[in-house]
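I opened this notebook to keep a record of what I looked up, entry by entry. I wanted the helices, cores, ring pairs, charged pairs and backbone exceptions in one place.

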Amino acid sequence: MSVRRARALLAVAVLLAVAGGAAASLRIFTSKGVAVRWKTSTLEFVVQADGSDDLPGDDDDLAVRRAFAAWADEPAVPLLLVEDAAPDSRARTDWPSDDLHSVIFAEDGDDLLFPEGSGFVAVTPLQYVVSSGKLLDADIVLNGRDVHFATAPAANAFDVRAIVTHEVGHLLGLDHSAQGSATMTPYAHPGFVLPRTLSDDERAGLVSLGGDDGRGRLVGSVLRAASGSPVSGAHVWARSSADGRLASAALTDADGAYELRALAPGSYVLAVAPLDGPLTVPAITAGTGLPPFETDFLPLAASAFAYTLVGDETVAAAPLVVGDDVSLRIGAPFTARVVHPGETVPLVVTVQSFVAPGSVVFAGAGDALVVGEVEFVPATGRLLFDVTAADDAPPGAYDLVVHSAAGGLALAAGLLEVAPALPVPSALQPACGPASGGVLATLFGSSLDGVVEATLGGVVVPELLADASLLDLVTPATSPGSLELLLLTSAGEELRLPEAYEARPAAVPQIGSLFPAAGSSSGGTQLVLLGGGFDADTLVFLGGVPAPTTLVDATRLDVLAPALPPGAHALRVEHAGCAAMASEQADAYHAVAGDDPLLVDATPALVAHTGGELVTLLGAGFVEGSTVELGASTLDGSGGVPVPTEYVDASTLRFVTPPAPLGAASLLVRLPDGRVAELPDALTVIALLDGKDKLLGDLAPQDEDLVFVDLVAGTRLSATLRRRGEGSLVPVLALRAPGGETLVSTDANDPAFDPVLTSSSSKRAKLSGVVVERSGRHALALGGADGSAGGYRLTLSEKLPPIAKGLKLPGGSPAPGPGGIALDLEVKAGSLLSGKLVGKQGLQIVLVSLEGPQGVLLSGDETGALSGAPELVAAVTRSADGSRLVFKKLPLVEFGAYTLTLGAVPGSDGTLGGKLSVKAPQTKLVLEE
């Protein structure tokens, strides 16, 4: 391989015209002197799917995409760079087509682009209009035939990302740079990664393309000392006065004028040199549309003045006056040598016309860069010396200045790059997390502040925040598995940490609710944890203690509380072995000294949807202040209806049901300290019809609906079940006794079929005048014959027996004896008792008690004073002389038997008479099942 091939010239190929050019901070020009440009705000590129034969998988694809991102991420980029990742586009190989801006590896070569011995690694063919500079097409073609490629530094292969980053600069319209450390330097060599990241020279180039970074500018001119004439094509650059780092460069135009762009606030000195080595005019441009590149003048290592910029202003510098040419030239190296703080590297520089002894320094670097003893080998024209970077040497590009004893001076811009110290990582914490990403992880170590980019499993980390000892990153979404963490420094160098992070396919478990939120400190409380992302590897901790769990599904875990000290404890849910995949909630669970309450039974189990029924709960561990909730979710305790609760003792509670929807209803007892007892489906809320109520519903095939009616013995019941709508329902209706046996049915195949009391057709089933023999809650069974189904309407009517309507005492009824006299009634729930009882012939009467289905409602003494619920006491009036008791709409809330016991004031005598009437509730409700 020839020397030229070894340094591998990177070229701009032109299809329709010859490209002129300047340094990267200027532009590619046409032969008419017009700068090329894209007439669009968005430029799509395509990464050709075949890639490089040297690389497996899609490593080269990622390298190409990051190369474009290096430019796209700059604030001053004037174009939106967007990838066209459509499979059809990626499959195309016709890169010369105007509608495709492709990045392609030419594995079979291309004699036009890569002539034998050219030494070209890659070319960017540009197609444009010569007169206007309008770019029509651009593609990047890599020479896969003659060179090898890699995505990690390799001694025998070119770095894909570094090469493509350079070529993207051409695609945007930038030419080669005369700085050895710039991305747009014309040369590359195997393993050279510095061009992966942009230098300040490229940032200045973006401003020249029309971008705006809000930074300052220096303008001036280069003149000859002898004649005052301008020097065209001179290479001018600014160095930081503080540390000598190269900041921005440009070439002078035909009038010797230059403009240095993208200068951050600070102080700068200026340098100027001809393009006579190590980078020469042919390597910078082959164009004919620019003024001549004059190289016959003496370089100027620094101007006599420093210029300070404080913002985005433009500062005019004094003319740079150059002397007559000298023969001293620097011929090599062509690319910058990289050194790290605290490191010593050998440097070999080829010079022409050097006369020893001379001096070699790095301009403006001071003690940051120390040059060792210089050895000159006249036979080869080489200068051999070591360069040591101080521990605090600022990263950046530095200029080599060579003086000869004969007064010669030569400059090489950016020939040494001080790279940030290589990162020294110690541990990534956490080292695992969900493949969906979003985990904040911290890499501990040293020299981490030089990291400018990180990829995890080949995916770019979206957020980085670094200082010297730690680097915070947010994990991106990746494929599951063990992932490599790759760190990139501002000098393009990388550090790879294999298997640094494990991405798990599971989601981060999320806490929704824990129910109950309190339990016995002895442990054993059954808990339900709702949330998300649960799987067989999910672990639960209460107060830091592992809790046995059962996976129900991805949103529910059943948890058995461990024994814990009394008090509040945190809840932690974690994907096994991965601390990053965890959620925590402080004080989520309270351990309480003592046993958990227990709920065993609820009586009655069938309650009316209308409410008003007294239910007795049996269990253990109840305390004063315990409350009952009807219909609460057994999963999270929500949705329950609190009801006024009577505490009887530690094993008994009572409450009156509120109106509730039909169906099974759970009961929850909640203690004041948060512990709970549950009884799922403890009650069945039934449709309890009355009077002229109607029920609308639907029956599925082979289904049966039960509707309940509280009937007093002797009631004559009629009911009709009709088809509703367009269904196929053939109605069947039956009446069942409180014990469940069928009393009468419209089904001719049923043993309880009675043709006298029933009638039926394809659309209707009817019970007529069925007399019930005993009081209680009867059921109407609604069904369809032969599996028929559809909508229905049920209507009913009742004719109450005398016992449910009241009673009449003849005027001569016996007086209450020593034990009193008992009057019995059986009534519908919600009936009202009214009437008057009269003591005659001197009889003074008192109300001893009124007892209902659930116990004594009213009680009195011999003075006539009553005790009981205020609304009941208020409904009873006793005359002053004790001869009359008047009842005015006294509510009989419950269905069933009532006993009114009367007594006499001691010493009084006579007979008892009067009349009591019961008014049953008049309802007319349409209820939908």
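The entries below go through these topics in turn, and I keep in mind throughout that the model is predicted.

**Entry 1: helix α2**

I began with helix α2 and checked its length, for which 14 residues at 1.5 Å a residue should span 20 Å, and the end C-alpha atoms are indeed 20 Å apart, so the two values agree. I then asked how much of α2 is buried, and found that 10 of its 14 residues are, so the helix is largely enclosed by the rest of the structure. The buried residues of α2 include D60, D61 and R66, and I also listed V64, A67, F68 and W71 among them.

**Entry 2: the nonpolar cores**

Which residues touch the most other members of the largest nonpolar core? I noted F68, W71, L142 and V164 in that role, in a core of 49 residues. The elements that contribute two or more residues to this core include β1, α2, β3 and α5 (200-208), while α4 gives the most, with six residues. I followed V164 a little further and, leaving aside residues up to four places away in sequence, found that V164 touches V64, A67, F68, I140 and L142. Apart from this core lies another, of 26 residues, and I wrote down I330, L347, F362 and L415 as being among its members. As general background, I recall that nonpolar side chains tend to be buried together in soluble globular proteins.

**Entry 3: aromatic pairs**

I counted four aromatic pairs. One of them joins F45 and F68, which are stacked, with 3.7 Å from centre to centre and 5° between the planes. This pair links distant parts of the chain, since F45 lies in strand β1 (residues 42-47) and F68 in helix α2 (residues 59-72), 23 residues apart. Both F45 and F68 are buried.

I next looked at F105 and F149, whose ring centres are 5.3 Å apart and whose planes stand at 80°, so the pair is edge-to-face. Here too distant parts of the chain are linked, with F105 in strand β3 (residues 102-105) and F149 in strand β8 (residues 149-150), 44 residues apart. F105 is buried at a relative accessible area of 9%, and F149 counts as buried at 3%.

**Entry 4: salt bridges**

My count of salt bridges came to 35, and I took a few of them individually. R145 and D146 meet through their side chains at 2.9 Å, N to O; D146 is partly exposed at 25% relative accessibility, and R145 is partly exposed at 30%. D325 forms a salt bridge with R329, the closest N and O atoms being 3.0 Å apart.

Are the two partners D325 and R329 buried or partly exposed? D325 has 33% relative accessibility and counts as partly exposed, whereas R329, at 16%, falls under the 20% cut-off and therefore counts as buried. E646 and R654 meet at 3.1 Å, N to O, with E646 partly exposed at 37% and R654 partly exposed at 29%. I also recorded a network of salt bridges that links D159, R196, E484, E494 and R496.

**Entry 5: a buried glutamate**

I looked up E574, which lies in strand β43 (residues 567-575) and counts as buried at 12% relative accessibility. Not counting residues up to four places away in sequence, E574 touches P509, D537, T538, L539, F541, A579, M581 and A582.

**Entry 6: backbone exceptions**

I recall first that most residues other than glycine have a negative phi, and that most peptide bonds are trans. Where, then, are cis peptide bonds found? One joins F515 and P516, with omega about -10°, and P516 sits in the loop between β36 (510-515) and β37 (518-520). Another joins T603 and P604, with omega about -5°, and P604 sits in the loop between β45 (598-603) and β46 (606-608).

For positive phi I noted S447, near 55°, which is in the loop between β29 (440-446) and β30 (451-456) and is partly exposed at 22%. K889 also has a positive phi, near 50°, but its place is in strand β71 (residues 884-892), and K889 is exposed at a relative accessible area of 55%.

Methods. Residues numbered from 1 in each chain as written. Predicted model: local features only at pLDDT ≥ 70, side-chain atom pairs only at ≥ 80, totals over all residues. Heavy atoms only, no water. Helix = DSSP H or I, 4+ residues; strand = E, 2+ residues; numbered from the N terminus. Buried < 20%, exposed > 50% of the residue type's maximum accessible area, 1.4 Å probe, protein only. Contact = heavy atoms within 4.5 Å. Phe/Tyr/Trp six-rings, centres within 6.5 Å; stacked < 30°, edge-to-face > 60°. Expected span 1.5 Å × (residues − 1). Core = buried A, V, L, I, M, F, W, Y, C linked by side-chain atoms within 4.5 Å. Salt bridge = Lys/Arg side-chain N within 4 Å of Asp/Glu carboxyl O.
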